[in-house]
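Work through the exercises below with the structure open. Try each task before reading its solution.

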Amino acid sequence: MSDAPVPILMYHSVAAVPNDATRALSVTPEAFAEQMALIGDLGLTPVTTADLAAHWRSGRPLPARPVLVTFDDGYEGVHRHALPVLARHGFPATLFVSTGWLRGAHDTGGGLDTMLDWGQVRALAAAGVEIGGHSHTHPQLDQLGDDALRTELTRCTEIVAAELGARPVSFAYPYGYSSRRVRQAVRAAGYAQALAVGNALARRRQGPYALERVTVRRTTGAEEFARLLLGRAVTRAFAGDRALTKGYALVRRVRQVRQIRQVRQVRRKAIRSRV
Ligand SMILES: [Zn+2]
């Protein structure tokens, strides 16, 4: 079976004016829209975390060129800015919520910026966003004793299940790392797969509880984003032109190439239909 690497993109906040606590790991709504357009233009197929893991478990082939779009914590901009873009493209995604950070009945007050409320989380779920767990209060899980660790996981699971009517099956480790004990606790809490952060593409052989993600930051330009998705080959193809490697010129160029290809296909079909 293929063990082709799969890019799993990790986003946090999508905001025009982020606060200091979330700025570095936020993206602007415009950058997010450009990045999703590039995924579409390059013919990549977004899938959810549960889909990827299920395909890898069963050995069934994945869609061509899969990619995962994931969001951590539960910032309000995911509903306000990201959801309309995802819906326009028909892209599924995964949102990992820290249940004690979301606005409403379970709020512990720890959220770093304006967070989603449960109505918005339900709207995301209804639109095809998988809702996964990210602990209750976002601690460094490896620092907790066994009881506190279990409580962080079960509180999160039970609240998501109560609010959405379905238990979450995917987990993302707060701060992106885990220990063997944490991975065992996540598994015992009923999660079938969990995501870390490694700035590497995910591979089946990493195992279902240590799948790596790549970080998208406010400073992630188009060239770096393309490299996160495709590796170095795509950027090498445009390396001769310095202007193209700046900002979103690369994105536009990739889009033009694809449009030219589509025009050629249409022309070819028209010629064939004349014969
Ligand atoms: Zn987090």
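**Exercise 1. A residue with an unusual backbone angle**

Task: Locate Asp73 and state in which element it is found. Then decide whether Asp73 is buried or exposed, and describe its phi angle.

Solution.
- Step 1. Asp73 is found in strand E3. The model is a predicted one.
- Step 2. The relative accessible area of Asp73 is 3%. Buried means under 20%, so Asp73 counts as buried.
- Step 3. Phi of Asp73 is near 85°. That is a positive value, in a residue other than glycine.

**Exercise 2. The zinc site**

Task: Name the protein donors of the zinc ion. Give their spacing along the chain and say which parts Asp73 and His138 tie together.

Solution.
- Step 1. The protein donors are Asp73 through OD, His134 through NE2 and His138 through NE2. They lie 2.0 to 2.1 Å from the zinc ion.
- Step 2. Along the chain, the donors follow the spacing D-x60-H-x3-H.
- Step 3. Asp73 lies in strand E3, and His138 in the loop between E5 and helix H5 (146-164), so the pair ties together parts that are 65 residues apart in sequence.
- Step 4. Check the cover: both Asp73 and His138 are buried.

**Exercise 3. Another positive phi**

Task: Where is Ser135 found, and what is its phi? Is Ser135 buried or exposed?

Solution.
- Step 1. Ser135 is found in the loop between E5 and H5.
- Step 2. Its phi is near 80°. This too is a positive value in a residue other than glycine.
- Step 3. Ser135 has a relative accessible area of 0%, so Ser135 is buried.

**Exercise 4. Strand E4 and its neighbours**

Task: Describe how strand E4 (residues 93-97) is covered. Then find the strands that pair with E4 and the helices in its β-α-β units.

Solution.
- Step 1. Five of the five residues of E4 are buried, and the strand is mostly covered.
- Step 2. Sort the side chains by face. In a regular strand, side chains alternate between the two faces of the sheet. On one side of E4 are Ala93, Leu95 and Val97. On the other are Thr94 and Phe96. Both faces are covered.
- Step 3. Take the pairing with E3 (residues 66-73). E3 and E4 pair in the parallel sense over four bridges. Thr70 stands opposite Thr94 in E4.
- Step 4. Take the pairing with E5 (residues 129-133). Five bridges join E4 to E5, and the two run parallel. Here Phe96 stands opposite Gly132.
- Step 5. Trace the connections. E3, helix H3 (residues 77-89) and E4 make a right-handed β-α-β unit. E4, helix H4 (residues 118-126) and E5 also make a right-handed β-α-β unit.

**Exercise 5. A glutamine in helix H4**

Task: Place Gln120, classify its accessibility and list its contacts.

Solution.
- Step 1. Gln120 sits in helix H4.
- Step 2. Its relative accessibility is 12%, so Gln120 counts as buried.
- Step 3. The side chain of Gln120 makes a polar contact with the side chain of Glu76, at 3.2 Å.
- Step 4. Leave aside neighbours within four places in sequence. Gln120 is then in contact with Glu76, His79, Arg103 and Met115.

**Exercise 6. Two serines in loops**

Task: Place Ser26 and Ser179. Classify the accessibility of Ser26 and of Ser179.

Solution.
- Step 1. Ser26 lies in the loop between strand E1 (8-11) and helix H1 (29-41). With a relative accessible area of 0%, Ser26 is buried.
- Step 2. The side chain of Ser26 reaches the backbone oxygen of Arg23 at 2.7 Å. Not counting residues up to four places away in sequence, Ser26 touches Ser13, Pro18, Arg217 and Arg218.
- Step 3. Ser179 is in the loop between strand E6 (170-172) and helix H6 (180-188). Its relative accessibility is 22%, so Ser179 counts as partly exposed.
- Step 4. Ser179 and Asp142 are 37 residues apart in sequence. In space they are 6.2 Å apart, C-alpha to C-alpha.

**Exercise 7. The whole chain**

Task: How many helices and strands does the chain have? What share of its residues counts as buried?

Solution.
- Step 1. The chain has nine helices and eight strands.
- Step 2. Of its 275 residues, 45% count as buried.
- Step 3. The chain exposes about 12900 Å², and carbon and sulfur atoms supply 51% of that area.
- Step 4. Consider contacts between residues at least 6 apart in sequence: 64% of them join residues at least 24 apart.

Note on methods
Residues numbered from 1 in each chain as written. Predicted model: local features only at pLDDT ≥ 70, side-chain atom pairs only at ≥ 80, totals over all residues. Heavy atoms only, no water. Buried < 20%, exposed > 50% of the residue type's maximum accessible area, 1.4 Å probe, protein only. Pairing = 2+ DSSP bridges. Right-handed = clockwise from strand over helix to strand, strands pointing away. Donors = N, O, S within 2.8 Å, 3.2 Å for Na, K, Ca; no water. Polar contact = N/O pair within 3.5 Å; in protein donor to acceptor, adjacent residues only side chain to side chain. Contact = heavy atoms within 4.5 Å. Areas by Shrake-Rupley, 256 points an atom, 1.4 Å probe, with all protein chains shown as cover.
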